[in-house]
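Welcome, and please open your viewer with side chains shown. We will go from selection to selection, with a short note at each stop.

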Amino acid sequence: MIPKVFKEVIDLGDGRQISIETGKLAKQAHGSVVVQSGNCMLLCTVVSNYKQSDLDFLPLTVDYREKFAAAGRYPGGFFKREARPSDGEVLTMRLVDRVLRPLFPKDYHAETQVMIQMMSHDEDVMPDAMAGLAASAAIQLSDFPFECAISEVRVGRVNGEFIINPSRAQLAESDIEMMIGASADSVMMVEGELDEISEEEMVEAIKFGHEAIKVQCAAQIKLAEAFGKKETREYTEEREDADLAEKIKGMAYDKVYAIAKNGSSKQERTSAFAEIKEEVKANFSEEELADFGDLVSKYYHKAEKAAIRNLTLDEGLRLDGRKTTEIRPIWCEVDYLPSTHGSAIFTRGETQALATVTLGTSREANKIDMPSFEGEETFYLHYNFPPFCTGEARPLRGTSRREVGHGNLAQRALKGMIPSDCPYTVRVVSEVLESNGSSSMATVCSGTMALMDAGVQMKSPVSGIAMGLISDAETGKYAVLSDILGDEDHLGDMDFKVTGTEEGITACQMDIKVKGLSYEILVNALKQAREGRLHILGKITDTISQANEDVKSHAPKMVTRTIPGEYIGALIGPGGKVIQELQKETGCTIVINEDPVTEEGIVEILGTNQDGIDAVLAKIDSLLFKPEKGNVYEVKVIKMLDFGAVVEYVEAPGNEVLLHVSELAWERTNNVSDVVNMGDILEVKYFGLDPRTRKEKVSRKALLEKPEGFVERPPRERDNNRGRDNRGRDNRGRDNRRRD
């Protein structure tokens with residue numbers, strides 16, 4: 001039976017469209033859609049168990065995968081099958097998860113899976129920009145308890161004009177790349193990379209993206225209505241007890257308020273809050289705690305949150321005693337690790353990051369092999385968040401999604417400041433050693449200093465700050481918090497991280513937890529972030545004001561030379577013999593790449609010994625050496641033959657030519673050794689190609705005075721019929737005459 005298909009089309013302008021279709025594929029899922037733009041197609045399915053789990057949180061899994069078959073390609077590696085997700089896929093999962101998760105009810109704990117896969121690829125369409133739309137559209141067709149439709153778009157700006165979901169080619173020319181997630185009413189998530197733009201320009205980009213999202217949300221609702229919107233499923237809701245909540249608030253609120261007002265350290269207040277919680281629990285019998293102990297913990301934390309938020313709104317004070325605009329004490333140090341190419345420590349309050357820089361050739365570039373994109377990064381940053389940095393002991397399970405996301409944010413913050421002519425591949429690694437509030441921004445700061453310590457000539461230093469927001473919709477009060485603590489991140493209404501130079505913003509990441517946040521508050525928050533960012537930047541430049549002029553003595557120096565394409569083979573040698581021996585002799589790493597446009601060879605020479613680098617350059621000069629006709633050159637005898645001497649040009653060692661015995665002297669020379677010997681250095685004149693032999697000709701005698709009365713013998717004429725009889729037969733009787 002032919003399935004009934006339901007479809008909605010969204011117009012993006014400039015002839016582009018996005019279609020949302022359901023009814024044809026994956027009908028046993030609780031919701032499924034195919035989202036298509038151009039030839040790019042995403043299939044999204046959603047399933048949620050009808051039984052609540054025993055967990056006290058929503059076990060939501062968002063999975064995004066790009067199939068290699070979608071681009072007509074095979075997976076790389078030995079096993080020709082897609083394996084663990086790439087960093088690009090993980091970043092897309094995070095973008096979708098951050099918008100979806102807050103819209104499920106807090107007491108909904110059924111295991112839920114959102115699975116998105118790219119089934120067809122289009123070079124002009126970036127699939128991750130449609131993943132949020134696909135996820136929300138599939139949920140709208142399900143019976144999940146979900147607050148409202150959302151969507152995500154990418155915003156670019158080329159020549160001053162904003163573009164929704166630009167192509168990769170357009171992004172290359174854009175000064176803004178922002179992913180925006182929102183419902184029709186509220187912006188919920190922003191993440192992006194910017195070319196030192198102002199706060200006002202950033203807000204304009206958010207507004208532009210939000211208008212496009214409103215259209216996409218309306219299309220989802222229309223599709224769900226046409227398909228037949230299901231009734232929201234019933235589930236076992238968490239029990240509530242208003243009287244108990246009020247009773248516990250009375251027990252805890254004032255005590256928490258007093259502790260919070262003291263401005264203690266993280267360990268001190270954590271211990272004090274734990275004592276208050278135990279005092280509250282002591283007011284209940286064991287039977288009561290067995291019956292509703294979970295509610296006691298829940299309402300205590302609710303009272304704790306209210307007390308801390310009100311302290312900030314009413315008195316402008318924070319957990320550690322700071323005012324809302326105050327930045328925690330900062331100390332920095334560079335060149336801490338003696339053997340790295342660059343290193344720096346950045347400590348702000350109870351957050352500390354140690355960054356290292358390693359310099360390499362293009363061979364060390366980070367290869368990206370995804371169905372939707374193939375390329376490489378010559379600047380990349382890795383972020384590590386070990387459990388000890390928060391005083392915890394937990395299993396190590398490999399690189400987490402959080403580490404991938406935070407590292408990507410810091411990388412985007414810094415990469416625009418790496419000059420385009422930087423000859424190195426640059427790897428930055430951030431080791432978070434302490435964490436209590438935005439280790440990703442500490443990574444940006446320590447990464448900036450480590451790069452300057454390594455001698456990377458950054459365009460401008462970059463700093464970053466994490467901001468928070470506490471607001472009260474009833475009273476209209478709000479407080480923007482600079483340099484938030486971990487607790488303030490959890491208790492606040494918005495967590496946004498902003499990085500930039502003195503000129504403008506380079507990257508941002510925002511998670512907004514309240515509905516209807518006004519753009520006025522957002523602009524004010526961004527301006528306050530700028531003040532804090534510049535304060536931190538001052539601390540960085542006080543420590544290291546500008547990049548070191550050169551790399552460290554133990555770090556490799558990089559020299560790049562361009563050679564004509566026809567000389568690449570000579571430098572590599574048969575089976576790589578020449579280049580391998582040269583690397584062994586000089587201790588340098590030599591990498592040769594061919595420019596696909598000019599077909600020239602780009603030679604990268606990396607070494608710690610300048611003599612070794614000079615030796616490689618001399619070899620290249622030797623290969624490229626072209627003597628000019630009529631010029632005189634110094635040569636060295638390197639081989640003796642019966643019919644002459646092989647000599648090499650002194651200014652181009654390895655560049656050899658035959659000095660024929662007849663060109664040694666005006667007099668007849670019976671033995672080559674009568675005139676020259678091994679190792680002799682002499683001058684010769686270059687005559688270019690000999691028309692008779694078609695080989696290069698040099699002469700020593702041309703530089704000597706001709707002896708008086710010397711008569712040069714005329715060249716012997718070549719007998720073309722030698723060995724043939726007068727009838728055209730050779731001496732073996734074969735007839736070589738031309739026949740008709």
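This tour visits some cysteines, a histidine, several charged pairs and an alanine.

Before the first click, keep in mind that this is a predicted model.

**Stop 1: the cysteines**

How many disulfides are there to find? The count comes to 0 disulfides. To see this for yourself, select cysteine 44 together with cysteine 40: the sulfur of cysteine 40 is the nearest cysteine sulfur to that of cysteine 44, yet it is 13 Å away. A disulfide needs the two sulfur atoms within 2.5 Å, so a gap of 13 Å rules this pair out. Cysteine 44 is also buried, with a relative accessible area of 0%.

Next, select cysteine 508 and cysteine 445. Here the nearest cysteine sulfur to cysteine 508 is that of cysteine 445, at 16 Å, and cysteine 508 is in no disulfide. Cysteine 508 counts as buried too, at 0% relative accessibility.

**Stop 2: histidine 210**

Now color helix α4, residues 199-227, and pick out histidine 210 within that helix. Is histidine 210 buried or exposed? Its relative accessible area is 6%, so histidine 210 is buried. To see what surrounds this side of the helix, show the residues that histidine 210 touches beyond four places in sequence: Ala182, Ser183, Ala184, Asp185, Ser186, Val187 and Tyr519.

**Stop 3: the salt bridges**

Side chains of opposite charge can pair when their charged atoms come close. In this model the count comes to 41 salt bridges, and three of them make good stops.

Start with glutamate 374 and arginine 73, whose side chains meet in a salt bridge at 3.3 Å, N to O. This pair links distant parts of the chain, 301 residues apart: glutamate 374 is in strand β15 (residues 373-377), and arginine 73 is in the loop between β5 (60-66) and α1 (87-100). With a relative accessible area of 52%, glutamate 374 is exposed.

Move on to arginine 154 and aspartate 128. The closest N and O atoms of their salt bridge are 2.7 Å apart. Because arginine 154 lies in strand β7 (residues 150-158) and aspartate 128 in the loop between β6 (112-120) and α2 (131-140), the pair ties together parts that are 26 residues apart in sequence. Both arginine 154 and aspartate 128 are buried.

For the third pair, select lysine 255 and glutamate 279, which form a salt bridge with the closest N and O atoms 3.0 Å apart. Lysine 255 sits in helix α5 (residues 242-261) and glutamate 279 in helix α6 (residues 266-281), and the two are 24 residues apart. Lysine 255 counts as partly exposed at 41% relative accessibility, and glutamate 279 is partly exposed with a relative accessible area of 41%.

Before leaving the charged residues, which ones should you select to see a network? Select Asp128, Arg154, Glu177, Glu193, Arg412 and Lys415: salt bridges that share partners join these residues into one network. You have already met Arg154 and Asp128 as a pair.

**Stop 4: alanine 442**

Finally, go to helix α9 (residues 439-453) and select alanine 442 there. Alanine 442 is buried, with a relative accessible area of 0%. Leaving aside neighbours within four places in sequence, show its contacts: Phe346, Arg348, Thr351 and Ala353. Then draw a distance line from the C-alpha of alanine 442 to the C-alpha of alanine 466: the two are 9.5 Å apart in space and 24 residues apart in sequence.

Notes:
Residues are numbered from 1 along each chain as its sequence is written. This is a predicted model: local features need pLDDT of at least 70, side-chain atom pairs count only at pLDDT 80 or more; totals for chains, interfaces and linings use all residues. Side-chain values use heavy atoms; hydrogens and water are left out. Buried means under 20% relative accessible area, exposed over 50%, partly exposed in between (1.4 Å probe, protein chains only). Helices (H or I, at least four residues) and strands (E, at least two) are DSSP runs, numbered from the N terminus. Contact means heavy atoms within 4.5 Å. A salt bridge is a side-chain nitrogen of Lys or Arg within 4 Å of a carboxyl oxygen of Asp or Glu.
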